[in-house]
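Thanks for coming, everyone. Please bring up the model on your screens, and I'll walk you through it.

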Amino acid sequence: MQELADIGVFGLAVMGANLARNAARKGFGVAVFNRNGARTDELISEHGSEGRFTPSKDIAAFVASIKRPRPIIIMVKAGQPVDDVIEELIPYLEEGDIIIDGGNSLFTDTNRRFHYLTGKKLRFIGMGVSGGEEGALEGPSMMPGGTLEAYQRIEPIVTKMAAQVDGEPCCVYIGTEGSGHYVKMVHNGIEYADMQLIAEAYDLFKTVYGLSAPEIADIFADWKTGDLDSYLIEITAAVLRKTDSTGKPLVDSIVDEAEQKGTGRWTAQSALDLGVPLTSITEAVFARALSGRRAHRIEAEKLLPHPEFPKRKPTAADIEAVKDALYASKIVAYAQGFEQMTAAAKEFGWELKLGEVSTIWRGGCIIRAAFLNRIREAYESGVAAPNLILQDYFRDAIVKAEPSWRKVVSLAIEAGVPVPAFTSSLAYYDGLRRARGPANLLQGLRDYFGAHTYARLDKPGKFHTRWSQDGSEVQTS
Ligand SMILES: NC(=O)C1=CN([C@@H]2O[C@H](COP(=O)(O)OP(=O)(O)OC[C@H]3O[C@@H](n4cnc5c(N)ncnc54)[C@H](OP(=O)(O)O)[C@@H]3O)[C@@H](O)[C@H]2O)C=CC1
Ligand SMILES: O=C(CO)[C@H](O)[C@H](O)COP(=O)(O)O
């Protein structure tokens with residue numbers, strides 16, 4: 001009789017198959033199941049020799065082939081399929097078994113599933129997994145949330161499967177309920193902002209300076225060695241350098257419509273609910289939405305005049321300025337993402353350790369970057385600044401970059417090239433560093449049309465002015 005597997009993987013598309021192979025390569029016995037059995041056959045025929053797999057074609061046999069208490073990773077399409085799979089598994093599970101949802105589930109769904117399964121004496125972990133196809137195989141960043149004792153049962157397996165940076169696994173217990181999926185959602189939101197900023201830098205080089213894709217690839221390859229060192233900068237150079245069968249840059253033939261599966265939008269929606277000014281990520285979501293209106297854009301280009309900007313090759317200083325603008329905007333995006341996690345922890349009663357979050361994002365995941373070491377140091381220093389921008393390292397970096405950032409945004413505006421993430425990040429920065437903004441007028445207007453009241457700088461309490469009556473002011477509280 002075959003030895004029982006250490007873990008089960010349900011769902012063998014790119015992510016599930018590679019996570020299963022990852023676990024098997026690390027020496028764990030892995031039970032595998034997919035609704036369409038052809039994927040199971042394919043995994044075993046192509047990679048069965050990589051480790052100890054137990055394939056099954058029915059759920060009862062799959063569950064029975066796993067050591068108790070059974071940890072089962074579900075890696076299926078997010079949404080209803082996760083609920084369907086949970087219902088299919090429940091009849092075969094026993095008290096204490098652990099379902100781990102490794103997909104990009106919405107954190108409120110994870111909260112619901114966590115409480116539902118706890119009520120059935122089963123344990124549930126919502127585990128964000130980042131790293132794409134390659135990360136799942138070679139070592140992803142993992143963000144598990146649920147009960148601590150359920151995590152402790154799977155910890156020896158998942159910490160071995162995760163990417164390792166400086167001897168530390170990119171996997172740590174995040175907190176209870178849907179907190180792991182929340183953190184993964186914000187990771188993806190930051191991923192949206194990072195990518196949008198890169199796309200805006202690319203657009204400036206292409207549209208304002210007239211550089212070709214391979215010329216821009218050289219710039220990004222150069223940036224890989226500095227402050228911007230990151231996986232996304234590295235793959236940007238690779239994407240820009242790639243030619244297609246005609247020998248021309250592939251990127252020039254890709255349709256300029258960005259798709260989205262939802263995690264960026266959810267991040268922005270949650271920020272709105274929490275009242276967090278998450279401008280960079282939200283602009284990145286809107287930029288994808290506008291990119292999706294391609295037919296409108298094609299029509300509008302014919303109807304709306306747009307400035308013809310004389311193209312000239314960039315100087316080294318021009319390139320450096322775009323780099324500074326990208327770096328400063330990136331600091332804003334991360335500061336906003338971390339502020340959102342702080343607000344969510346408070347709102348939902350989670351104890352999120354943001355230093356640990358930055359630690360596990362240093363490897364395996366899509367936003368992995370040298371930069372995350374600086375964020376980790378900021379949190380480890382124990383100096384609790386309410387906003388990362390106010391930590392010494394980031395404050396110095398952003399102040400140094402500010403003149404170039406402003407110059408680049410002005411140039412883009414003058415040239416009619418949209419850089420919404422650069423622009424909104426700068427506007428956020430300018431708003432943040434003003435002790436007194438213009439919202440006093442908003443309050444006056446609100447009080448005028450709706451008697452909504454206002455506070456005064458010179459005395460405590462709330463006040464209302466009888467604007468359309470005798471103009472007198474009354475104290476309301
Ligand atoms: N692709 C990526 O880079 C990343 C993906 N993720 C997340 O990981 C999860 C898996 O992603 P990915 O591997 O790309 O696969 P997909 O999201 O494309 O999902 C395909 C898998 O879901 C299964 N499935 C769909 N509906 C059902 C159902 N009702 N019952 C049972 N199984 C079902 C499919 O089974 P069948 O073969 O039978 O159709 C297949 O195994 C998703 O939540 C995704 O968002 C997370 C990080 C990165
Ligand atoms: O989770 C991921 C990486 O971390 C996925 O790649 C995600 O699907 C990307 O999101 P979108 O498809 O919306 O761009």
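How do the residues of the shell around ligand 1 divide into nonpolar, polar and charged? The split is 10 nonpolar, eight polar and six charged. Keep in mind that this is a predicted model.

Stay with ligand 1 for a moment. There are 24 residues around ligand 1. Those that come nearest are Met 15, Arg 35, Asn 36, Pro 81 and Gly 103. Now the elements. Four of them supply at least two residues each to this shell. Three are helices: H1 at 14-25, H4 at 80-89 and H6 at 132-138. The other is strand S6, residues 123-130.

S6 takes us to its sheet. Seven strands make up this open sheet, and the pairing is mixed. Read the order with me: S3-S2-S1-S4-S5-S6-S7. At the edges sit S3, residues 53-55, and S7, residues 141-146; each of these pairs on one side only. From one strand to the next, the twist averages 25 degrees.

Look inside that sheet at S4 and S5. S4 covers residues 71-74, and S5 covers residues 98-101. Four bridges link S4 and S5, in the parallel sense. Which residue in S5 is the bridge partner of Pro 71? That is Ile 98.

Next, the domains. The protein is divided into domain 1 at 7-177, domain 2 at 184-432 and domain 3 at 440-475. Hold on to the first two of those ranges for ligand 2.

Why does ligand 2 lie between domain 1 and domain 2? Because both domains give residues to the shell around ligand 2. Here is the shell. It includes Asn 104, Ser 130 and Gly 132. Asn 188 and Glu 191 are also among the residues around ligand 2. So are Gln 260, Lys 261, Thr 263, Gly 264 and Ile 366. Two elements give two or more residues each: helix H8 at 179-208 and helix H11 at 263-274. And the chemistry? One residue of this shell is nonpolar, seven are polar and two are charged.

H8 and H11 each meet another helix, H14, residues 316-348. Take H8 with H14. Their axes come within 10 Å and cross at roughly 165 degrees. Over 145 degrees counts as roughly antiparallel, and H8 and H14 are therefore roughly antiparallel to each other. The crossing of H8 and H14 is right-handed.

Now H11 with H14. These two pack at an angle of about 60 degrees. Their axes are 10 Å apart. H11 and H14 are therefore oblique to each other. Is the crossing of H11 and H14 left-handed or right-handed? It is left-handed.

Last stop, domain 3. The C-alpha centres of domain 2 and domain 3 lie 40 Å apart. Domain 3 runs over 440-475. Now turn to the sheet of S10, S11 and S12. These three strands form an open sheet, in the order S10-S11-S12, with antiparallel pairing. The edge strands are S10 at 454-455 and S12 at 473-475, each pairing on one side only. S11 covers residues 462-465, and three bridges join S11 to S12. In that pairing, Phe 463 stands opposite Gln 475 in S12.

To recap the ligands. Around ligand 1, the shell holds 10 nonpolar residues. Around ligand 2, the shell holds one nonpolar residue. That's the tour. Over to you.

Terms used: Residues numbered from 1 in each chain as written. Chains lettered and ligands numbered in written order. Predicted model: local features only at pLDDT ≥ 70, side-chain atom pairs only at ≥ 80, totals over all residues. Near = placed C-beta within 6 Å. Nonpolar A, V, L, I, M, F, W, Y, C, P; charged D, E, K, R; others polar. Domains from an automatic or database assignment. Pairing = 2+ DSSP bridges. Axes fitted to C-alpha atoms, helices over the stretch in contact; angles between N-to-C directions. Parallel < 35°, antiparallel > 145°, perpendicular 65-115°, else oblique. Left-handed = near helix turned anticlockwise from the far one by under 90°.
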